[in-house]
Amino acid sequence: MLPGCRDPAASEPVPDLRVRFVLPVGGVPGRDWVINNYVDRDQGPGVRDYRGGRKSYNRHQGTDWDVPNFRWMDRGFPVLAAADGRVTAVHDGEFDRNVSCGFLGILKPPNLVELTHADGTRSRYVHLRRGSVRVGVGQSVAAGEALGEIGSSGCSTAPHLHFEVRGLDGAILDPFQPNLWTDPPPYENALTVMDLVVRNGPIESEDILKDPPPNAQRISPHQTLGIGLSLAGGFPGDQIEVLLEGAVDPGILTVIPGEPPHAYPFWNLPPPRHHGTRRIVVRARGEVLASHELR
């Protein structure tokens, strides 16, 4: 989600580098985070990730690690050094709750940390949470050391880490070239629910799911019931089932496509459909992925 000029070197073989990367985030894929975009390796107007798929967008220069939404961000989600290095750039203090690339055309820079590694390659950790940067220029850090926390500063549409790698000549390097990860993350995940949002009132847009208030404990019999999900992964034809236990109309069924890897579907149910609801249950593949009790 970091804009910039396209670099043809993004699709060329990586030189023999000494650096190898650990994951720049902790947690469990599909529960705590999902990779939403990879480096775009297509030379023209098309999109192609390292596996030949379309999990990217035109000219994207890094890898985006999404967390479920802002309420997960607010818990503090550490960004980790992907390799030993020295801090060569830091920026902090910018607003960290963006859901677009700028307000009224005004684009602020992102909070970030840049490391330079022993072989001269650089890694950048972008869109960090305001006030979370824990390192200073000139400081040496070890692989796995916390640099800051995931945020949504700068040109960003949701809380995520943009992880970017550049070579000695400044050209973009795709970290998913062979042998650059010590333990590479999965390319595809089974469909999982990262967060369930329940609202006493309608959900007008994805932005509410990106920054949801606390889940409603009661639903007014005269109010619309809004239900939304932060979904990770999935394959074409996957089905997600949302059940309203005790309601007049207990079930909703929708088909989730395989892309994008991070999606925010939602439903708004008028009062007759949710009367009597005691529990909301989300299922896929016959198993419960999330639930929420109502009083």
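## Rings, a disulfide and two cores

K55 sits over the face of Y187, 4.1 Å from the centre of the ring. Keep in mind throughout that this is a predicted model. A second charge-over-ring arrangement involves R75, whose charged end lies over the ring of W72 at 4.5 Å from the ring centre.

**Aromatic rings**

Y187, the ring under K55, also belongs to a cluster linked by ring pairs, together with F21, W33, Y38, Y50, W65, Y125, F163, F176 and W181. How many aromatic pairs are there? With ring centres required to lie within 6.5 Å, the count comes to 12. Take F176 and W181 as a worked case: their centres are 5.3 Å apart and their planes meet at 55°, so the pair is tilted. That label follows because stacked needs planes under 30 degrees apart and edge-to-face needs over 60, and 55° fits neither. Are these two residues buried or exposed? Both F176 and W181 are buried.

**Nonpolar cores**

Some of these ring residues turn up again in the core. The largest nonpolar core has 31 residues, and F21, L161 and F163 have the most contacts inside it. Strands β5 and β9 each supply at least two residues of this core, and β9 gives the most, with 3 residues.

F163 is a good residue to click on. Leaving aside residues up to four places away in sequence, F163 touches F21, P24, G62, T63, W65, A82, S123, R124, Y125, P175 and W181. Of those neighbours, F21, W65, Y125 and W181 are also listed in the ring cluster, as is F163 itself. Apart from this core lies another one, of 23 residues, including V198, L229, W267 and L269.

**The disulfide and N98**

The structure holds 1 disulfide, formed by C101 and C155 with their sulfur atoms 1.8 Å apart. The torsion about the S-S bond is about 40°, so this disulfide is right-handed. Which parts of the chain does it link? C101 is in the loop between β4 and β5, while C155 is in the loop between β8 (146-149) and β9 (160-166), so the pair links distant parts of the chain, 54 residues apart. The two ends also have separate burial labels: C101 is partly exposed, whereas C155 is buried.

N98 is in the loop between β4 (85-91) and β5 (112-116), which is also where C101 is found. A polar atom of the N98 side chain lies 2.9 Å from the backbone oxygen of G154. Beyond residues up to four places away in sequence, the contacts of N98 are F70, S152, S153, G154, S156, T157 and A158.

**R166 and P78**

R166 is found in strand β9, the strand that gives the most residues to the largest core. The side chain of R166 makes a polar contact with the side chain of Q61, at 3.2 Å. Setting aside residues up to four places away in sequence, R166 touches Q61, T121, R122, A171, I172 and L173.

P78 is found in strand β3 (residues 78-80). Not counting residues up to four places away in sequence, its contacts are P24, V25, G148 and E149. P24 is also touched by F163. For a sense of distance along the model, P78 and G276 are 198 residues apart in sequence and 41 Å apart in space, C-alpha to C-alpha.

**Positive phi**

Two residues other than glycine have a positive phi. N179, with phi near 70°, is found in the loop between β10 (172-173) and β11 (192-200). R285 has a phi of about 55° and is found in the loop between β17 (279-284) and β18 (287-293).

**Burial at a glance**

Here are relative accessible areas for some of the residues above. N98 counts as buried at 19% because the cut-off for buried is under 20%, and R166 has that value too.

| Residue | Relative accessible area | Label |
|---|---|---|
| C155 | 10% | buried |
| N98 | 19% | buried |
| R166 | 19% | buried |
| P78 | 33% | partly exposed |
| C101 | 39% | partly exposed |
| N179 | 62% | exposed |

Terms used: Residues are numbered from 1 along each chain as its sequence is written. This is a predicted model: local features need pLDDT of at least 70, side-chain atom pairs count only at pLDDT 80 or more; totals for chains, interfaces and linings use all residues. Side-chain values use heavy atoms; hydrogens and water are left out. Rings of Phe, Tyr and Trp (its six-membered ring) pair if their centres lie within 6.5 Å; planes under 30 degrees apart count as stacked, over 60 as edge-to-face and the rest as tilted. Buried means under 20% relative accessible area, exposed over 50%, partly exposed in between (1.4 Å probe, protein chains only). A charge sits over a ring if NZ of Lys or CZ of Arg is within 6 Å of the ring centre and within 35 degrees of the ring normal. Helices (H or I, at least four residues) and strands (E, at least two) are DSSP runs, numbered from the N terminus. A polar contact is a pair of N or O atoms within 3.5 Å; within protein, one must be able to donate a hydrogen and the other to accept it, and residues adjacent in sequence count only if both atoms are side-chain atoms. Contact means heavy atoms within 4.5 Å. A disulfide is a pair of cysteine sulfur atoms within 2.5 Å. A nonpolar core is a set of buried Ala, Val, Leu, Ile, Met, Phe, Trp, Tyr and Cys residues joined through side-chain atoms within 4.5 Å.
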